[in-house]
Structures are given as structure tokens and as C-alpha cells.
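Work through the exercises below with the structure open beside the text. Each task is followed by a solution in steps.

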Amino acid sequence: MSGTQRLDWVSRPAKAVHGDVVVPGDKSVSHRSMMLSAIAEGTSHIRGFLEGEDTRATAAVLAQLGVRIEAPSSGERIVHGVGLHGLRASSQPLDCGNAGTGMRLLAGLLAGQAFDSTLIGDESLSKRPMRRVTEPLATMGAKIDTPDGLPPLHVRGGRKLHGIRYELPVASAQVKSALLLAGLYAEGSTEVFEPHPTRDYTERMLQAFGWPIEFSPGHAKLEGGHRLQATDVVVPADFSSAAFFLVAASVLPGSVLRLPAVGLNPRRTGLLEALRLMGADIRIENQGESGGEAVGDLVVHHAPLHGIELPEALVPDMIDEFPALFVAAAVAQGRTVVRGAAELRVKESDRIATMATGLRALGVRIEETPDGAIIDGGAIQGGTVDSHGDHRIAMSFAVAGLVARDAIMIGDCANVATSFPGFLELANSCGFVLG
């Protein structure tokens, strides 16, 4: 979308944010529930499905591969599974849009099929590295051709896959998930070790669909040759979407927000711990479980924040939330130091460079390092920033506008629809001044 349409925002200073904010369904769970439902036996009912461009792209790819998917209402999908070997070849390339998760996981899923496939993406996705997935898949026997390690991916079918024991050089839930999905089709066991534990959505969901799997933080192991059984999935609200509102209410005086039924997978909530270390007032109420995932209501009150040295152990559990954390750090009193976050340089944009450039344009003192940044908090001025088509950066600067001294003009915001449809309306409904 970033290559075909440009959408700019202006975020203005606000008085406070208040109310109940119901954020969309979790993107990671939505992707995975759609894929596993497609190759399960029987009919699965998904509720809370994220109606974003990324997740719809994944659904469209699966429909192209012969899966019947009904959408009786917004956020609801009925998926008629075709079984592990029931997908059919498509005569056209499979367009993942902006969805890096979709492309990397589908690479693993398609590596075990009898037919060839080509995965393509939009301008932004076409610049994202894929060797981190294609190389370990090749050690399993897959053959995936990729020009210069970038999309498109040409996945060759009819390959005999075998399980591997693989130690990830860099912690990545997407790479781990791609290997586990390929492992469904492999002979023997597929075992993945991580240098730091990442989110375990794929493992939990495979278990919910009846596939025997062993997993613990930083480790997962499964055997090929089983079957997936259809199940009903209730997708929790997306913590990454809630993150912008957690920061907004924390930094804007007089604010109180409640975010109901948010997914609280411990491998996802590093930002919650980081904000609390900075002095944020965030409580969890009505804790429960939905589809194997912890959920709860997040209640956040404004509180003065102070800079911290971010514990590196939290980094893998908040990799998508760093743009929001950078805004919190820019407002906090004192210095915040982030290390061990080199992964940010290969997201939808180089998020360290893009946030640093934007915050400097707003008068914030920030020094880039190879794997993080040093941010001296204080006042945020008005100005003009460019999100470079990165949805999370656009929304983070929208939060910055709440507490800036003047309006912030944010360029290239169209891709927000990939992860958070309706963000503009929801933000303005609770007190943002954004348009």
C-alpha cells in the first residue's frame, strides 16, 4: 500500500485521554489461527479475527490455495480445513501484501507441499530479509529461490523434508514458527532452540489444534506425521495495538484508560514491564484465559515517567513496541538506554534510524547505537516527521503529538491499516486530536 497511496496525519496537543478502548484482535494469533485452520481436518470458527490488511492478505493466500473461508460478520471467520495435504497449487503468485509474518510462516508451510508457489509482497515487504528463514528451511530439504535474499520467494514443491535440530542465531518467533510449520511435513523431529525466548503463539496453537508438541521458554520440539483437528479460536485483543494507548495515557496528565480483554502472553508484554520500571501506573484486572492465551483488562493512569537502562532480557518480548517506548523515553525525566535491539533495523523500516531521525526533528536528544539508542527525555517540540510507511512508527508519533508543544505532521501513514484498522477513529474517540 505504501507504494500506491500516501496518507499524512497531523497530531495535535490534547488535554487528556479517557474511557474504554477496545483494540483489534491480535495480529500474530489471527495469522496463525487462519493457517492452522486451513490445514486442519474439519471446520474451525475464529472470533476476534483482526480485520487488517496483513491478516486479510494471509486469508486471501489460503483461499487462493483452495481453502473455503466464510466471513459472516466483521472479526469472524469460518474456515473449512482441507487437511495437511489438501492445499492446491495456484496459477498466480501469492501476494502477502505488507505481512512479514504471513510471508515467513507461509514459506515454512509451503515448503512441504507437492506443488510450486511464489510468494510476493508490497514495496516495503520486498525489502525485508528472508534468508534467516530460507537458509534453515534449506537444511530441512526445502528449496526456496530468493533474489539477493529478498522477496519474491519461489518455493519448489515435491521436496522430501526431514526434521532438524536448529539453534537460532537471533531470537525470532517468525523463523521458529516457519521451521515448526515445515516440521509438520518432515520426517522425524524438528527441534528449535532460541538464544532468548520469543512469543510461543505457534506452539500454543498447534497444541490447541491437537498436534503433539513439547515447548518451554526458548525451546520447541515436534514430530512430523500427525494431524490437525479443527477447533474454535477466540483471538484476544492485540497487546501491540494496546501499547500506543498505554503510552498515551501514561505520558498525558489527567488521563485514565481501560483496555479490555488484552492478550497478555508473557513473551509479548515486555513493554508493560518496561513502562512499570519507568514509573507507569498500569494495573491488570479480570485476568483469565482464552484459547490457551492469558488475557486481562489493562487500566492505566497518568504517572510521571523516568529514564531507565532497559534490561536486555525484556528486548525479545517487546520487539514490536520499541517505537512506542522511544516516545515514552522522550517524555520521561532523565536518560533511557536501549541495547540488544539490533532486530529493529530489519523491521518494516530501520526502526532505530527512523525513530531517531523523527525524534531529533522534534527537538529530542537521541543518539543511535548499532543495537539501540540513548534517549535524553524532556520536552517534545512540534515539527514534521516521516514514518517511511511503517505503521508502528506512524502511530507512535501520533502519541507524541498529544504531549508536543505544537502540532506534529506525520508523513506516509497509509500502512497503519495493515495492523490497526480504525486507529484514527478509536484514537480520536478517547481524546486524541488526530487527522
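**Exercise 1. Strands E11 and E13**

Task: find how many bridges join strand E11 to strand E13, and in which direction the two strands run.

Solution. In this predicted model, strand E11 covers residues 189-193 and strand E13 covers residues 219-223. Five bridges join the two strands, and they run antiparallel. Next, look at individual pairs. Thr190 of the one strand stands opposite Leu222 in E13. Phe193 has His219 as its bridge partner in E13.

**Exercise 2. The sheet around this pair**

Task: state the order of the strands in the open sheet and name its edge strands.

Solution. Step one is the order: four strands form the open sheet, arranged E10-E11-E13-E12, with mixed pairing. Step two is the edges: strand E10 (165-167) and strand E12 (213-216) each pair on one side only, which makes them the edge strands. Step three is the twist: neighbouring strands are turned against each other by 10 degrees on average, with direction ignored.

**Exercise 3. From E10 to E11**

Task: determine in which sense E10 and E11 pair, and which helix the chain passes through between them.

Solution. Three bridges pair E10 with E11 in the parallel sense. One of the facing pairs is Glu167 opposite Phe193 in E11. Between the two strands the chain passes through helix H5 (residues 173-183), and this β-α-β crossover is right-handed. Another helix to locate is H6 (residues 201-208), which lies across E12 and E13 and runs at about 145 degrees to E12.

**Exercise 4. Helices H1 and H2**

Task: decide whether H1 and H2 are roughly parallel or roughly antiparallel to each other.

Solution. Two packed helices are described by the angle between their axes and the distance between the axes. The axes of helix H1 (residues 27-38) and H2 come within 9 Å and cross at roughly 10 degrees. Angles under 35 degrees count as roughly parallel. H1 and H2 are therefore roughly parallel to each other.

The residues that meet can then be listed. On the H1 side they are Lys27, Ser30, His31, Met34, Met35 and Ala38; on the H2 side they are Asp54, Thr55, Thr58, Ala59 and Leu62. By class, this contact has five nonpolar, four polar and two charged residues.

**Exercise 5. Asp54**

Task: is Asp54 buried or exposed?

Solution. Asp54 lies in helix H2 (residues 53-64). The cut-off for buried is under 20% relative accessible area. Asp54 has 2% relative accessibility, so Asp54 counts as buried. Leaving aside neighbours within four places in sequence, Asp54 is in contact with Lys27, His31, Asn98, Ala99 and Thr418.

**Exercise 6. Helix H3 and Leu106**

Task: explain why helix H3 is described as largely enclosed by the rest of the structure, then examine Leu106, which lies in helix H3.

Solution. Helix H3 covers residues 100-110; eleven of its eleven residues are buried, so helix H3 is largely enclosed by the rest of the structure. Among the buried residues are Gly100, Arg104 and Leu110. Leu106 has 0% relative accessibility and therefore counts as buried. Apart from neighbours within four places in sequence, Leu106 is in contact with Met35, Val61, Leu62, Cys96 and Leu119. As a last step, take Leu106 and Arg276, which are 170 residues apart along the chain: their C-alpha atoms are separated by 36 Å.

Methods:
Residues numbered from 1 in each chain as written. Predicted model: local features only at pLDDT ≥ 70, side-chain atom pairs only at ≥ 80, totals over all residues. Heavy atoms only, no water. Pairing = 2+ DSSP bridges. Axes fitted to C-alpha atoms, helices over the stretch in contact; angles between N-to-C directions. Contact = heavy atoms within 4.5 Å. Buried < 20%, exposed > 50% of the residue type's maximum accessible area, 1.4 Å probe, protein only. Parallel < 35°, antiparallel > 145°, perpendicular 65-115°, else oblique. Nonpolar A, V, L, I, M, F, W, Y, C, P; charged D, E, K, R; others polar. Right-handed = clockwise from strand over helix to strand, strands pointing away.
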